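Thank you all for coming. I would like to walk through one protein chain with you, going from the overall layout to a few individual positions.

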Amino acid sequence: MWRRVASLSSSISSSFLAQTASRLNTWESLTTGIAQQAKGVIAPKEKTPFITFVLGGPGSGKGTQCIKIVETFGFAHLSAGDLLRREIASKSADGAMILNTIKEGKIVPSQVTVKLIRKEMELSDNHKFLIDGFPRTEENRVSFERIIGVEPNVVLFFDCPEEEMVKRVLNRNEGRVDDNLETIKKRLTVFQALSLPVINYYSERGKLYTIKAIGTEDEIFEQVRPIFAAFEQTVG
């Protein structure tokens with residue numbers, strides 16, 4: 001399904017680390033925080049945010065791996081799906097719209113999701129963020145970079161066969177509104193149609209790391225661990 005996506009090696013060269021450190025220094029001079037929602041200004045932070053996007057279809061196992069990354073490397077985990085479901089449960093003005101959009105297998109408007117992500121980043125004392133399940137479209141990507149003001153440092157893509165993803169979703173029994181066969185098929189169709197351009201974009205930018213998401217949790221994490229271990233010295 002994803003043969004056009006270039007799978008990058010989990011071994012990061014010293015030259016690439018040097019480029020990463022340089023990019024972090026550049027960002028430090030350009031932005032030292034996240035744009036405040038109400039005032040539209042830059043809120044000072046002690047450190048430049050280190051942002052990782054985590055992409056993959058529903059049931060690809062990215063959420064489980066995010067937990068292991070948080071435990072091992074101290075990131076704050078922001079799940080776009082969880083933030084949207086929490087908004088639905090809060091009975092806010094956007095909640096009903098979000099619920100109907102998800103039930104139809106469609107993608108929630110970018111500004112709504114970015115607003116929720118930005119709020120969590122502003123409230124966090126952490127400077128290392130795993131943003132799980134976002135961006136799902138080119139519009140998502142452009143909106144995030146425009147509103148937040150930075151690009152991600154790392155993009156993980158969990159590549160998993162469709163039949164395996166369907167099986168995992170139907171077997172997890174977590175009571176999610178979108179965990180049913182009809183909705184999962186719609187979500188996979190949308191993911192395949194709209195997320196590939198995002199994945200290819202970050203591949204061309206040299207930020208993409210493709211993880212083969214088949215095997216045990218520990219086996220999959222052994223592909224993930226070296227990526228973040230290599231950034232430890234520059235990120236802290």
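**From the fold to the annotated sites**

Reading from the N terminus, the elements of the protein chain follow the order α-β-α-β-α-α-α-β-α-β-α-α-β-α, which amounts to 9 helices and 5 strands. Please keep in mind throughout that what is on the screen is a predicted model.

Let me give the totals for the chain before turning to single residues. The protein chain has 236 residues, and buried residues make up 48% of them. Its accessible surface is about 11,400 Å², with 50% of that belonging to carbon and sulfur atoms. If we take the contacts between residues at least 6 apart in sequence, 77% of them join residues at least 24 apart.

Now to the annotated positions, where I should be careful to say that the labels come from an unreviewed UniProt entry. Under "binding site", that entry lists Gly59, Ser60, Gly61, Lys62, Gly63, Thr64, Arg172 and Gly215. I will take two glycines from this list, beginning with glycine 59, which sits in the loop that runs between β1, residues 50–56, and α2, residues 62–73. Is glycine 59 buried or exposed? Its relative accessibility is 9%, and because buried means under 20%, glycine 59 counts as buried. Once neighbours within four places in sequence are set aside, glycine 59 is in contact with Cys160, Met165, Arg168, Val169 and Arg172, and Arg172 is itself one of the positions in the UniProt list I have just read out.

Glycine 63, by contrast, belongs to helix α2, and with a relative accessibility of 27% it counts as partly exposed. Which residues does glycine 63 contact, leaving aside its neighbours within four places in sequence? They are His77 and Asp132.

A further "binding site" feature, again from the unreviewed UniProt entry, is placed at Arg85, Lys106, Ile107, Val108, Gly133, Phe134, Pro135, Arg136, Arg176 and Arg187. Phenylalanine 134 is found in the loop between β3, residues 128–132, and α6, and its relative accessible area of 2% makes it buried. Not counting residues up to four places away in sequence, phenylalanine 134 touches Phe53, Val54, Leu55, Ala80, Thr113, Val114, Ile117, Asn140 and Phe144. Arginine 187, from the same UniProt feature, lies in helix α8, and it too is buried, in this case with a relative accessible area of 14%.

One of the residues that phenylalanine 134 touches is Asn140, and UniProt, in an unreviewed entry, places a "binding site" feature there as well. Asparagine 140 is in helix α6, where it counts as buried at 2% relative accessibility. With residues up to four places away in sequence left out, asparagine 140 touches Ile107, Val108, Ser110, Phe134 and Pro135; of these, Ile107, Val108, Phe134 and Pro135 also appear in the UniProt list that I read a moment ago.

Since helix α6 has now come up, let me turn to how it packs. Two packed helices are described by the angle between their axes together with the distance between those axes. Helix α6, residues 138–148, packs against helix α8, residues 181–204, at an angle of about 50°, and the axes are 8 Å apart. That angle makes α6 oblique to α8. On the α6 side the contact is made by Glu138, Arg141 and Glu145, while α8 contributes Leu194, Pro197, Val198, Tyr201 and Tyr202. How do the residues of this contact divide into nonpolar, polar and charged? There are 5 nonpolar and 3 charged residues, with no polar ones.

I will finish with two pairs that are separated in sequence. Proline 109 is in the loop between α4, residues 95–103, and α5, residues 110–123, and it is partly exposed, with a relative accessible area of 30%. From proline 109 to glutamate 139 there are 30 residues in sequence, and the C-alpha to C-alpha distance is 8.9 Å. Lysine 47 lies in the loop between α1, residues 14–30, and β1, and at 42% relative accessibility it counts as partly exposed. Its partner in the second pair is lysine 128, which is 81 residues apart from lysine 47 in sequence and 9.3 Å apart from it in space, C-alpha to C-alpha.

Conventions
Residues numbered from 1 in each chain as written. Predicted model: local features only at pLDDT ≥ 70, side-chain atom pairs only at ≥ 80, totals over all residues. Heavy atoms only, no water. Helix = DSSP H or I, 4+ residues; strand = E, 2+ residues; numbered from the N terminus. Buried < 20%, exposed > 50% of the residue type's maximum accessible area, 1.4 Å probe, protein only. Contact = heavy atoms within 4.5 Å. Areas by Shrake-Rupley, 256 points an atom, 1.4 Å probe, with all protein chains shown as cover. UniProt positions renumbered as here; feature names shortened; annotations may be inferred. Axes fitted to C-alpha atoms, helices over the stretch in contact; angles between N-to-C directions. Parallel < 35°, antiparallel > 145°, perpendicular 65-115°, else oblique. Nonpolar A, V, L, I, M, F, W, Y, C, P; charged D, E, K, R; others polar.
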